[in-house]
Amino acid sequence: MPVYNFSAGPAVLADSVLNQIQSELHSVNGSGMSILEISHRSALFDDILNETTANLRRVMGIPDNYEVLFMQGGGTGQFSAVPLNLAAKNKKIALLDSGQWALKAGQEATKLGFDVDTLATTKDTKYQQLPTSDKVLTDDEYNYLHIVTNNTIEGTAFHQLPAHGTTKLVADMSSNFLAEEYDVNDFDLIFGGAQKNLGTAGVTIVIVKKDLLGKANNLIPATMDYNLFAKKNSMPNTPPTFSIYVCGLVIKWIESMGGVKGIHEHNVIKANRLYNFLDESKLFNNFVSPQERSLTNIPFTTGNEALDAQLVTAAADNGLMNLKGHRSVGGLRASLYNAMPLAGADALVEFLHQFEKQNR
Ligand SMILES: *Cc1c(COP(=O)(O)O)cnc(C)c1O
């Protein structure tokens with residue numbers, strides 16, 4: 001029986017990537033040494049890092065006026081790093097509160113003494129829609145607008161970016177990085193942890209406009225200092241070598257799948273298989289309006305807690321793993337990240353169909 005892993009993160013990796021990790025584990029690039037044991041100061045690792053950066057630039061279309069940084073601390077670390085590196089305390093940070101990850105980002109910035117202005121929130125309706133604001137944003141009043149392109153827990157996504165006037169745009173792309181096509185030029189900064197679409201836990205990618213570096217007047221810990229990371233090729237200290245290596249393999253795999261365009265098309269097909277089923281089902285519901293639905297995280301429910309729990313167990317017995325919804329939302333959630341094959345989405349739909357027949 002095939003096993004499909006619908007975990008929200010760390011999450012599924014392509015079989016070919018796992019196979020390559022296994023086959024090279026004792027000897028990376030024919031060196032006779034494992035990626036787990038080589039120095040980050042070796043030429044061997046330098047090549048891996050530089051090739052990974054070059055490949056990410058190509059696959060994502062990252063222009064030369066942006067830095068690509070490999071950091072640690074996860075998306076959560078960036079909730080502090082972004083304000084420390086980009087924000088001045090005499091201006092505000094604008095926030096569109098689209099879910100729990102947006103809320104947490106705002107809380108971290110507030111903790112550090114920054115003035116966070118929540119322009120709009122959809123908390124009162126359980127974040128089942130995206131917040132919108134008509135406020136005209138200016139660079140004089142705001143440091144930047146923080147958005148979460150894909151709301152991992154609530155299952156919404158900004159497929160169209162919100163207006164941000166003359167202020168900068170910062171995006172937490174943790175859960176749809178390279179999963180749908182965005183133009184890097186539309187952002188001043190993008191960040192995302194690798195463990196959802198791009199590899200394994202331990203590395204966080206930051207893509208930031210070069211002319212924003214070294215401008216802020218805050219005390220910045222070395223492990224969060226973009227300017228330092230840019231100057232030191234992401235290695236002011238020991239980087240997460242294995243995680244960066246895995247990112248490199250995943251990026252090559254994405255290129256082999258037709259790049260972000262190919263992956264995006266694949267993700268639309270996969271997600272629609274599940275959404276179409278849910279919309280026709282008399283047992284299951286997803287509450288997000290079609291134009292705001294996430295391609296990568298799909299929450300749904302029978303509306304009956306006990307039945308949802310029963311489903312999670314029955315699904316696992318059938319090789320469909322980790323369908324329990326986030327603890328704050330309850331219900332069910334299927335994460336269909338880049339590496340989830342269409343066969344996995346189809347197996348899930350088939351299982352839900354049978355479950356519905358038996359439980360109506
Ligand atoms: C998972 C996630 C985070 C947190 O990532 P960590 O690496 O666990 O800190 C932040 N934002 C979004 C949108 C996420 O999906």
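This tour goes from the ligand to the pocket that holds it, and then on to the largest pocket of the model. Keep in mind throughout that the structure is a predicted model.

**First stop: the ligand and its shell**

Select the ligand and display the residues around it, of which there are 13, with Thr76, Thr152, Asp172, Gln195 and Lys196 coming nearest. Sorted by class, this shell holds eight polar residues, three nonpolar residues and two charged residues. If you then colour by secondary structure, the element to look for is α3, which gives the most to the shell around the ligand, with four residues.

**Second stop: polar side chains at the ligand**

Show the side chains of Thr76, Thr152 and Asp172 as sticks, and begin with Thr152, where a polar side-chain atom lies 2.4 Å from an oxygen atom of the ligand. Turn next to Thr76, which places a polar side-chain atom 2.6 Å from an oxygen atom of the ligand. At Asp172 the ligand takes part through a nitrogen atom, which is 2.6 Å from an N or O atom in the side chain of that residue. With a surface switched on, consider how much of the ligand is covered: on its own the ligand has 390 Å² of accessible area, and the protein covers 85% of this.

**Third stop: the pocket that holds the ligand**

Now hide the ligand and look at the space it takes, which is the second largest pocket. This pocket has a volume of about 300 Å³. Its lining is made up of 21 residues, and those closest to the centre of the pocket are Ala8, Trp101, Thr152, Gln195 and Lys196. Select residues 74–86 to see helix α3, which gives the most to this lining, with four residues. By class, the lining of the second largest pocket comprises 12 polar, five nonpolar and four charged residues.

**Last stop: the largest pocket**

Finally, select Lys126, Gln128, Phe287, Val329 and Gly330, which, of the 23 residues that line the largest pocket, lie nearest its centre. To add the elements that give two or more residues to this lining, extend the selection to strand β11, at 297–300, and helix α8, at 305–317. The volume of the largest pocket is about 470 Å³, and its lining, taken by class, has 10 polar, eight nonpolar and five charged residues.

Technical notes
Residues are numbered from 1 along each chain as its sequence is written. This is a predicted model: local features need pLDDT of at least 70, side-chain atom pairs count only at pLDDT 80 or more; totals for chains, interfaces and linings use all residues. Side-chain values use heavy atoms; hydrogens and water are left out. On a 1 Å grid over the protein atoms alone, a cavity is a set of points where a 1.4 Å probe fits but cannot get out, and a pocket is an open set with protein on both sides within 12 Å along at least five of seven lines; lining residues have an atom within 4 Å of a point. Grid points are joined across faces, edges and corners, and a volume is the space filled by probe spheres set on the points. Ala, Val, Leu, Ile, Met, Phe, Trp, Tyr, Cys and Pro count as nonpolar, Asp, Glu, Lys and Arg as charged, and the others, Gly among them, as polar. A residue is near a molecule or strand if one of its heavy atoms lies within 4 Å of it. A polar contact is a pair of N or O atoms within 3.5 Å; within protein, one must be able to donate a hydrogen and the other to accept it, and residues adjacent in sequence count only if both atoms are side-chain atoms. Accessible areas come from the Shrake-Rupley method with a 1.4 Å probe; for residues, only the protein chains shown count as cover. A molecule sits in a cavity or pocket if more than half of its atoms lie within 2 Å of its grid points.
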